[in-house]
Every structure is written in C-alpha cells, then in structure tokens.
Amino acid sequence: MQPLTADERPTAMADLIARIAELWRYPVKSCAGEAVESLALDADGWPVGDRGWGVVDVSGELTWMGAHPRLALVQAHLAGPALQLRAGGRSLSVPDDGGDAVEVRGWNGERQDFDILQAWDAGEDAAALLHAATGERLRLVRLSIEAQRRPMLNALHLLGDGSLQSWQEALGRPLNGPVQRARPNVVLSGEDGEPLPPFIEDLLTEARLGTLALRRTSPCVRCVMPTVDPATAEPQPPVLDALARLSAERAPGEPVQFGVYARGNAAGRLHVGDRVELALAFAGA
C-alpha cells in the first residue's frame, strides 16, 4: 500500500480497512514488553495487565528506562495470578497480591510536582533481580489502580507498520527491535498484508472493531526510550534523531511524535488478525 500524496488525500473523513498485526503488553512500566495474541480491555477501555507494576529508586520515586536503560533487559510476563520476571540468568515468580504497602512518588507533568501513590513492595528477591540486571538499587512495586490510571496517563498506544518502516528507512541502516523500542500496544497493517501508508495513524479519529471503538485521545510524544537497544540496553541517540526529522516534516515546531494514544469505549478483546475500520480526518475536512 503506497503512501497518499497531498493531491490524493480527500478533504472529508474517509475510512481505511486495516488489520491488527501485533499486540503488545507491558506488565512492568519501563521493562521489556511481551507480544500477545489477544489483549483484553476492561470496562474503562484500558488494557488488562498493562503497566500494573513499576520500578522505584532509592528515594521512592517511580523511575524509567531513560534513567536506567538496562531495565530493557528485564523480561516481564503475566502467567495466571503471577508476574514472571527474567533477567541476567535469573527468573522469579511474583504473586499479584500481598506485599508491604508503601507510598511512592510519581512525577506529574501537568502540575509540575509529585503525586503520592499507593503501591505494594514486591520484596527482596525482586529487588535482587533488578540489581543483577541494572547494577542499581531499585525495587519492584505493584501499583494501585489509581496510580495506574492517573489523568495524564494514556490507555493504548497505536502505531502503523508503515510508520515503523519509514523510521528504519530514515535511519539509513537496519534497526534492531523497532517495535520493542516504540512500545506500542497495537501495531496495524494493511488489510491485504501490505504496510499502511506511513503515519496514517496521525489522521486517526477512531479505530472500530464491531461495536468496540478505540478513540484517539492524543499524539504520542516520544522521549529517549526508543534509543535504547532492546538486546544490549545501549542508548543510540541517532535513532531519536531520525524520529525527530520525520516528526518535524509532519508537525513543525511540535515535540517529537510517533504513533497516537487511544482508549476503548467499552470492555472487549483485541486479537491479532482482527479487521479494523479506521476513521480518518484529513486536513481541510
């Protein structure tokens, strides 16, 4: 599927049929994600099991891969009522209940201050695994639902495969783990198996799967996390430079954007291979 030129773009809302090519879930914020065949959404339209755990530093602040790139090497997998972790030759099963109640701090960019959040510490074995992976004194915590759903956070990250392809082309060399770097929940492809037009998701207003709708909430503004190689945890700044150039062509003067955020209108389940109707709003509509 070829990208649309400016002359070819209609000036009214149009539909495009796509397929779900990949689904990803990130059980622990800023750790490696897991590819899944289906992804459940709860009654509020959020993915079940996504980012329900976090990592805090010695000050009790929720931290992230930008500060600790080696978190990319921590593999997290949900298996029934437990979180499975693997890193540095170690593995650990952490129950999804229990633990000592703790208060952690999470930065609120809207207020420019910290929120105090409820969480439960996962214990010394989990801390030891994180130390083995990163060399840092970090702790794993299970986040309360209020901590997971703070107003500035987003439910789902959608990205088209044509955009991923365009990113690699702009970089001018093979890119290891582009999906793992971009960290989408939903990767869309063309209905016929061909890539979607690059950055078609920028125009998305709603993705419909029967009565379930994934409604766009905002563009996804990118930080340094896509620079981290998922295999080696080494930051590679040129990777973000390529994204910045592509973003500047589409949204001059705006922060670097790659993909869009969305939220479901109801409970439901997404499956790899699902047919998706994309509602698009073009400039001038």
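Which residue forms a salt bridge with Arg-111? Look for Asp-115 in the first view, and keep in mind that the whole model is predicted.

**View 1. Arg-111 and Asp-115 form a salt bridge.** Zoom in on the two side chains and you'll find the closest N and O atoms 2.6 Å apart. The partners aren't equally covered, though. Arg-111 has a relative accessible area of 46%, so it counts as partly exposed. Asp-115 comes in at 13%, which means it is buried. This is one of 17 salt bridges that the structure holds.

**View 2. Arg-25 and Glu-34 meet in a salt bridge.** Here the N-to-O distance is 2.8 Å. Check the covering of each partner: Arg-25 is buried, with a relative accessible area of 15%, and Glu-34 is buried too, at 8%.

**View 3. Arg-208 and Glu-277 join distant parts of the chain.** Their side chains meet in a salt bridge, 2.1 Å from N to O. Arg-208 sits in strand E13 and Glu-277 in strand E17, and the two are 69 residues apart. How covered are they? Arg-208 is partly exposed, with 24% relative accessibility, and Glu-277 is also partly exposed, at 24%. Now widen the view a little: Asp-15, Glu-206 and Arg-215 belong to one network with this pair, held together by salt bridges that share partners.

**View 4. Arg-222 is buried but has no salt bridge.** You'll find Arg-222 in the loop between strand E14 (212-221) and helix H5 (237-250). Which side chain of opposite charge is nearest to Arg-222? That would be Glu-201, 9.4 Å away. A salt bridge needs a nitrogen and a carboxyl oxygen within 4 Å, so Glu-201 doesn't qualify. Arg-222 does have another polar atom to meet: the backbone oxygen of Ala-182 lies 2.8 Å from a polar atom of its side chain. Among the other residues that Arg-222 touches are His-157, Arg-181, Leu-243 and Phe-258.

**View 5. Strand E11 is covered on both faces.** This strand spans residues 156-160, and five of its five residues are buried. In a regular strand, side chains alternate between the two faces of the sheet. Follow that pattern along E11: Leu-156, Leu-158 and Gly-160 are on one side, while His-157 and Leu-159 are on the other. His-157 may ring a bell, as it is one of the residues touched by Arg-222.

**View 6. E11 pairs with E15 and with E12.** With E15 (residues 257-264), E11 pairs in the antiparallel sense over three bridges. His-157 has Tyr-261 as its bridge partner there. With E12 (residues 186-190), E11 runs parallel, again joined by three bridges. Look for Gly-160 opposite Leu-188 of E12.

**View 7. The largest nonpolar core has 28 residues.** Those with the most contacts inside this core include Ile-20, Leu-158, Leu-188 and Leu-270. Several strands each supply at least two of its residues, among them E1 (14-25), E11, E12 and E15. Which strand gives the largest share of this core? It's E1, with four residues. For a closer look, pick Leu-270: the residues that it touches include Ile-20, Leu-23, Leu-39, Val-186, Leu-209 and Leu-214. Glu-37 and Ser-38 are on that contact list as well.

Methods:
Residues numbered from 1 in each chain as written. Predicted model: local features only at pLDDT ≥ 70, side-chain atom pairs only at ≥ 80, totals over all residues. Heavy atoms only, no water. Buried < 20%, exposed > 50% of the residue type's maximum accessible area, 1.4 Å probe, protein only. Lys, Arg positive; Asp, Glu negative; His and termini not counted. Polar contact = N/O pair within 3.5 Å; in protein donor to acceptor, adjacent residues only side chain to side chain. Contact = heavy atoms within 4.5 Å. Pairing = 2+ DSSP bridges. Core = buried A, V, L, I, M, F, W, Y, C linked by side-chain atoms within 4.5 Å. Lists of a residue's contacts leave out its neighbours within four places in sequence.
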